[in-house]
Amino acid sequence: MRKTRKAILALVIALSLVSLASTAQSPAGRRGAADPDIVAKIREEGLQRSQVMDIAGYIVDVLGARLTNSEHMKRAQAWAKGEMEKLGLSNVVIEPFMDYGVTWDNEYFSLHLLEPDYQPMVGYPLTHTPGTSGKVICAAVVADVRTRADLAQFRGKLKGMAVLASPPLPVTQAALSQGVNRLTDEDLRKLEENVTPAPPRPTPPPPNPDLLKPDEKISFFKAEGAAAVFQCEGGRPGVVVGYGRPGTKDDKWSREKSLDSLPIIAVTPEHYNRMYRILKRGLPVKVEIEVRNRIGEKAEKASNVLGELPGTDLADEVVMIGAHLDSWHASPNASDNASGCAVALEAVRILKAVGAAPRRTIRVALWGGEEQGLYGSQEYVRQHFGSPKDPKNPPTPAYAKFSAYFNQDYGAGQYRGVYLQGNEYARGLFAAWMEPFRDFGLTAISIQSVGSTDHVSFDQAGLPGFQFIQDRIAGTAGHTNLDFLDTLSPEDLMKNAVVMAAFAYDAAMSDVRVPRKLLK
Ligand SMILES: [Zn+2]
């Protein structure tokens, strides 16, 4: 294994030499990219005077959940803007990016099993659903409808009832014993040795037209006069997973459609399965539900928060770092992605503290609308940079001046390397920038492309956008009711902020902008 690692290192160095030679760097540029004093200062500030957990703690404990266009999110964005201003960043702005929908905030939730036995229940409402009219006591019923043909048997039978609309979900016991799950040397080696980019995923076959879509099921239950719908996803012990009302994207998070739906409540698999089993015995289940949601009167724009550390002689060229500030609504989502925002803010704090004077401008972005579909970063790229692939929205002058975007959104675990996103031309620079952090375990460079977060918006437009390879550490991960500060590792986040600061600085000082791969 060591031999292989040495071979990879040799290859990385060889490639980096090729890259350095081909871009004819001046001594000044090389010194900027690997200035030992700056790296030492960044390490000292970030590891000995870190504020990353204080920042993460404020977002998680004080600000709480941050659903896009909720009142909660607006408060968090105002705070983020204030923090950037306190750090002394320039051009700090809460920048609207698209017509979104109405605000939605859950103000109160209460759920109890009353029969056959009293039990408080754990759950929460899906976003953009209505509340109940006060406290509702009702019978539960199984109506696991899948196809149009299934509907007939439930007609006239659901009035005033709470519907269990899906089959019971097995609880995955393995998750109980998983513990901290860091990437091993073997995992990293496999990532590096996987040298051919994976082919694009085949397009899935069209859905079976007989199957009911989730929003069609809810419409049926509503038409039948049901009182509420229970659902259960994920199958992890004690964990509630639930997102938005089906159809929200199509109706653009509308007030009318939200009010016209039913209270949809996600519960733990244990509580869901218990109700389901009792009902299958033919015994009655009675529940008490109260939900109060605040739904905005009119559609509003969603926003990103941005600030800059201005560049010097190359100020019109831009390096970006960032993470999404929005989250799902049932917990503060410490790992997804308060941790990434804390790392990005701490990275610029470190750069300010060490007196960095980057040649290129370093811009930090805290995105909105990521969880609903990367909307914040996509619209930002569209409006500021354009894309050669989009004739209606051709590249702007800023497109040519852009260097790279670095993102954190794969949980709160420490960086172990970086995905090249298919860009072989970035390998040499990244190998050099990672070198001072081998003691952090930051060693792997993978050619693979990864998705599901904001660097994709840059990559799709042909701009260099990257996500770090991260350890998957403890916790329930995002999108649940249990993503709090307790499972964040301070040391992991301190290291990440140091690496993020160094990458931003190196990219801002390098003689060349991060090279681009061939546009597909
Ligand atoms: Zn995320």
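In this report, a donor is an N, O or S atom within 2.8 Å of the metal (3.2 Å for Na, K and Ca); water is not among the atoms, so sites may look incomplete. With that in hand, the donor residues of the zinc ion are spaced H-x11-D-x72-D in sequence.

Before going on, note that this is a predicted model, in which local features need pLDDT of at least 70 and side-chain atom pairs count only at pLDDT 80 or more, while totals for chains, interfaces and linings use all residues. Residues are numbered from 1 along each chain as its sequence is written, and side-chain values use heavy atoms, with hydrogens and water left out.

**The zinc site**

Which atoms hold the zinc ion? The protein donors are His324 (NE2), Asp336 (OD) and Asp409, which is listed with OD twice, and they lie 1.8 to 2.6 Å from the ion. Asp336 sits in helix α10 (residues 334-353) and Asp409 in the loop between β13 (402-407) and β14 (415-419), so this pair ties together parts that are 73 residues apart in sequence. Helices (H or I, at least four residues) and strands (E, at least two) are DSSP runs, numbered from the N terminus. Both Asp336 and Asp409 are buried; buried means under 20% relative accessible area, exposed over 50%, and partly exposed in between (1.4 Å probe, protein chains only).

The angles among the four donor atoms run from 53 to 151°, and the site is irregular. Four donors count as tetrahedral if all angles lie between 85 and 135 degrees; four count as square planar and six as octahedral if opposite donors are over 155 degrees apart and all others between 65 and 115; anything else is irregular.

**Salt bridges**

How many salt bridges are found in the whole structure? The search finds 34, each being a side-chain nitrogen of Lys or Arg within 4 Å of a carboxyl oxygen of Asp or Glu. Here are some of them:

| Pair | N to O distance |
|---|---|
| Glu44 and Arg49 | 3.4 Å |
| Glu45 and Arg49 | 2.9 Å |
| Lys517 and Asp459 | 2.8 Å |

The bridge between Lys517 and Asp459 links distant parts of the chain: Lys517 is in the segment after α16 (490-509) and Asp459 in helix α15 (residues 455-460), 58 residues apart. Lys517 is partly exposed at 25% relative accessibility, whereas Asp459 is buried at 18%.

Elsewhere, salt bridges that share partners join Glu44, Glu45, Arg49, Glu346 and Arg349 into one network. Within it, Glu45 is buried, with a relative accessible area of 8%, while Glu44 is partly exposed at 36% and Arg49 is partly exposed at 41%.
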